[in-house]
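Got your viewer open? Load the model and follow along, one selection at a time.

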Amino acid sequence: MTGTHDNGIKGPGLFLAQFLDGHPPFDDLDTITRWAASLGYRGVQMPTVDPRLIDLELAADSQDYCDELTGRCAEAGVAISELSTHLQGQLVAVHPAFDELFDGFAPAHLHGRPDARRHWAESQLKLAARASRRLGLTAHGTFSGALLWPYVYPWPQRPSGLIEEGFAELARRWRPILDVFDEQGVDLCFEIHPGEDLHDGATFERFLDAVDGHPRAKILFDPSHMVLQQLDYLGFIDRYHERIGMFHVKDAEFTPSARSGVYGGYQGWVDRPGRFRSLGDGQVDFKGIFSRLTQYGYDGWAVLEWECCLKDAAQGAAEGAAFIASHLIKRADKSFDDFADTGSDPARNRRLLGLDETH
């Protein structure tokens, strides 16, 4: 079964970032969307840094262009589920230790110019808010960036006030962006991800406090990153479901040994205890996740973000559509025991409780 339930989670969707390359059908919007549709995907999540998919500045300003973009995708057989600014969002907050590494996420003329790079990233986010509205989208995915990641482990001892100042500065940078998303009626969903200052529930709560509970500050839920941190991802849904605005369907496994654990020993992905896997090959309880999200009324997209240290991307994508479709739940519109309903009678209810009119 492949489809989108009117009263439940939409899907299957596919994040295109991992599939774009210089060879057909992965080098052009029309061909990659037709390829996705041929596998059974109903939606595509678009990164916004590649002009082969979208001209972000034009999309922010031109409704005609956005209508054309939507039409081209529809003709291929898919809808646009969300836009993504993960790379640009990373550049909103970069610790100097990572400046050179993250220059690669920005245009060449910004390399070596961290302040200019940050202002470019902030403008990209604001363009994405406007483009999302023109495309009729209500959620957007990004990274928070990180000023504090070098201090994630409390040794050497962190100076008093360092963490508080880091989150205060993160909030100062993101608050104007969140306000633009609010003006456009779009939720800004931060992927909870190691390497970002928002990497678990505690850090998301710190950020939320720092932006005064901003209504557009939401979560992109990806259970794979929680497996690698040994977080309770089902409990995470119970605690934060009101803030979950997007969902990446990605699998992972964690197999600690006497030699290596959560930190991974600087090993490559194949040898790390925590590894990303194609859907169904890891340890994530997706039945539990889809059930929890359905229980709490999540009606956004379920989007495959394919990453695996072993399996080929094409095989992973082909298997992923059917996997997601098999987990979609059409929410019940009546109780399973309605057949035994005996109706409502207030007087009888009082009798059943041993009450009468004199009490």
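**A walk through the pockets and the barrel**

Start with the second largest pocket, which holds about 330 Å³ of space. Keep in mind that this is a predicted model. Select Thr138, Ala139, Gly245, Asp299 and Gly300: of the 19 lining residues, these lie nearest the pocket's centre. Now colour the lining by class, and you get 7 nonpolar, 7 polar and 5 charged residues. Strand 3 and strand 7 (244-249) each supply at least two residues of that lining.

Next, the largest pocket. How much space lies in it? About 1300 Å³. Its lining runs to 48 residues, and Trp149, His193, Pro194, Gly195 and Trp269 are the ones nearest the centre. Strand 3 (79-85), helix 4 (86-90), helix 9 (223-229) and strand 9 (274-277) are the elements giving two or more residues to this lining. Helix 4 gives the most, with 4 residues. Colour by class again: 22 nonpolar, 18 polar and 8 charged.

Switch to cartoon view for the barrel. It is closed, has 8 strands in the order 1-2-3-4-5-6-7-10, and the pairing is parallel. On average, neighbouring strands are turned by 30° against each other, ignoring direction.

Zoom in on strand 2 (residues 43-47), which runs parallel to strand 3 and is joined to it by 5 bridges. Pick proline 47 here, and opposite it in strand 3 you'll find serine 84.

Last stop: select helix 7 (residues 162-184). Helix 7 lies across strand 4 (139-142), strand 5 (187-191) and strand 6 (217-221), and its angle to strand 5 is about 135°.

Key:
Residues numbered from 1 in each chain as written. Predicted model: local features only at pLDDT ≥ 70, side-chain atom pairs only at ≥ 80, totals over all residues. Heavy atoms only, no water. 1 Å grid on protein atoms, 1.4 Å probe; cavity = no way out; pocket = protein on both sides within 12 Å on 5 of 7 lines; lining within 4 Å. Points joined across faces, edges and corners; volume = space filled by probe spheres on them. Nonpolar A, V, L, I, M, F, W, Y, C, P; charged D, E, K, R; others polar. Pairing = 2+ DSSP bridges. Axes fitted to C-alpha atoms, helices over the stretch in contact; angles between N-to-C directions. Contact = heavy atoms within 4.5 Å.
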